[in-house]
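This report looks at how side chains and helices are arranged in one model, with attention to ring pairs, charged groups and helix packing.

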Amino acid sequence: MDRVKKRVGYQDKDERRGTCKGEGIAVAVLDTGIAAHPDFKGRIMAFADFVNGRKVLYDDSGHGTHVAGILAGDGRMSKGILSGMAPGACICALKVLDEKGEGDVDHILRGMYWTMEHAGKFGIRVVNISAGAKRGLDEEKEEKLLEAVEVLWDMGLTVVVSAGNYGPEEGTVAVPGTSRKVITVGALKEGKELGCSGNGPTGECVVKPDLVAPGYQIISCNNVSPKIRKPYTVKSGSSMATPVVSGAVAALLSKYPDMSNVEVKLRLRETCERIPGKLSGTGWGMLRVDRLLEYK
């Protein structure tokens, strides 16, 4: 995570005005669950399992734990070196994907409905969805997913969604990242290449993703268990780039708590670094956290 922070222009607290580590901000993470990793100690506010109905924290894939670590791990198992983007943020972990990282649309929708119902109770300001279906999804299911993410957006939540890994050909952004309202994130490789990240435009000729962030060879929290003793592991994809942006948004909201989700989106657009020579696939450009958080 330290390399990611340097690449997106993250600054240390002493270099920034005020506090902006995500304190006071809760993020709903819709994924494969979450492990009771030490890097989340005291900050997992809620857990709901819409796949197997279990009550105790678990992650039978490891994907959700890795995503949550990028977003909000505090790095204590690495003495702070591998902390996430917003190490003070709290997490509501919603298991909507199975052990293979695959998801039934009904499970994902139930996670969204839970978020709608509990956003006020837990102070949820950001929703991270590192999942999506490729083009060809049943039209009715697609409409339900798009409607649900847009309801979350209309509630005032900043919804950040993966562009998927079906690219980089045109028209490959995953649903619900095709929504006009939500913030859709693509993954950038070293050398500022898109790799397999989903690329627009959408069927409605909307440019997507909105922005890109580092998403390849990202070190983050591992699914710690008695059988898995390594606290960190490496994963790649737009799933990893999405929490980089979600964490940056949580940091921004902890510094400017009165910002609306529309203002967050505009500020991201204004502060991204344009990528020369890239005519499509990078939207507004690459996330720059230093510009995002600078005094305005």
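Lysine 265 lies over the face of tryptophan 153, at 5.5 Å from the ring centre. The model in which this arrangement is found is a predicted one, and the values given throughout are computed from its atoms. A second charged side chain placed over a ring is that of arginine 54, which sits over the face of tyrosine 58 at 3.7 Å from the ring centre.

**Aromatic pairs**

A pair of aromatic rings is described by the distance of the centres and the angle of the planes. The structure holds 2 aromatic pairs. In one of them, phenylalanine 47 and tyrosine 58 are arranged edge-to-face, with 6.0 Å from centre to centre and 75 degrees between the planes. Phenylalanine 47 belongs to strand β2 (residues 44–49), whereas tyrosine 58 is found in the loop between β2 and α2 (63–72), so the pair ties together parts that are 11 residues apart in sequence. Phenylalanine 47 and tyrosine 58 are both buried, and tyrosine 58 is the ring whose face is covered by arginine 54.

What is the arrangement of the rings of tryptophan 114 and phenylalanine 122? Their centres are 5.8 Å apart and their planes stand at 15 degrees, so this pair is stacked. Tryptophan 114 has a relative accessibility of 13% and therefore counts as buried, and phenylalanine 122, with a relative accessible area of 15%, is buried as well.

**Salt bridges**

Side chains of opposite charge can pair when their charged atoms come close. The count of salt bridges in this structure comes to 7, and the table lists some of them, with the N to O distance for each.

| Basic residue | Acidic residue | Closest N to O distance |
|---|---|---|
| Arginine 76 | Aspartate 74 | 2.8 Å |
| Lysine 181 | Aspartate 154 | 2.8 Å |
| Arginine 288 | Aspartate 290 | 2.6 Å |

The salt bridge between lysine 181 and aspartate 154, with its closest N and O atoms 2.8 Å apart, links distant parts of the chain, since lysine 181 is in the loop between β5 (158–162) and β6 (183–188) and aspartate 154 is in helix α4 (residues 139–154), 27 residues apart. Lysine 181 is partly exposed, with a relative accessible area of 30%, while aspartate 154 is exposed, at 53%.

For the bridge between arginine 76 and aspartate 74, the partners fall into separate classes of accessibility: arginine 76 is partly exposed, with a relative accessible area of 41%, and aspartate 74 is buried, with a relative accessible area of 18%.

Arginine 288 and aspartate 290 meet in a salt bridge in which arginine 288 counts as buried because its relative accessibility is 17%, and aspartate 290 is likewise buried, with a relative accessible area of 17%. These residues also take part in a network of salt bridges that links Glu273, Arg288 and Asp290.

**Helix packing**

How do α5 and α6 lie with respect to each other, roughly parallel or roughly perpendicular? The axes of helix α5 (residues 238–255) and helix α6 (residues 261–271) come within 11 Å and cross at roughly 115 degrees, and α5 and α6 are therefore roughly perpendicular to each other. The crossing of α5 and α6 is right-handed.

Key:
Residues numbered from 1 in each chain as written. Predicted model: local features only at pLDDT ≥ 70, side-chain atom pairs only at ≥ 80, totals over all residues. Heavy atoms only, no water. Phe/Tyr/Trp six-rings, centres within 6.5 Å; stacked < 30°, edge-to-face > 60°. Helix = DSSP H or I, 4+ residues; strand = E, 2+ residues; numbered from the N terminus. Buried < 20%, exposed > 50% of the residue type's maximum accessible area, 1.4 Å probe, protein only. Lys NZ or Arg CZ within 6 Å of the ring centre and 35° of its normal. Salt bridge = Lys/Arg side-chain N within 4 Å of Asp/Glu carboxyl O. Axes fitted to C-alpha atoms, helices over the stretch in contact; angles between N-to-C directions. Parallel < 35°, antiparallel > 145°, perpendicular 65-115°, else oblique. Left-handed = near helix turned anticlockwise from the far one by under 90°.
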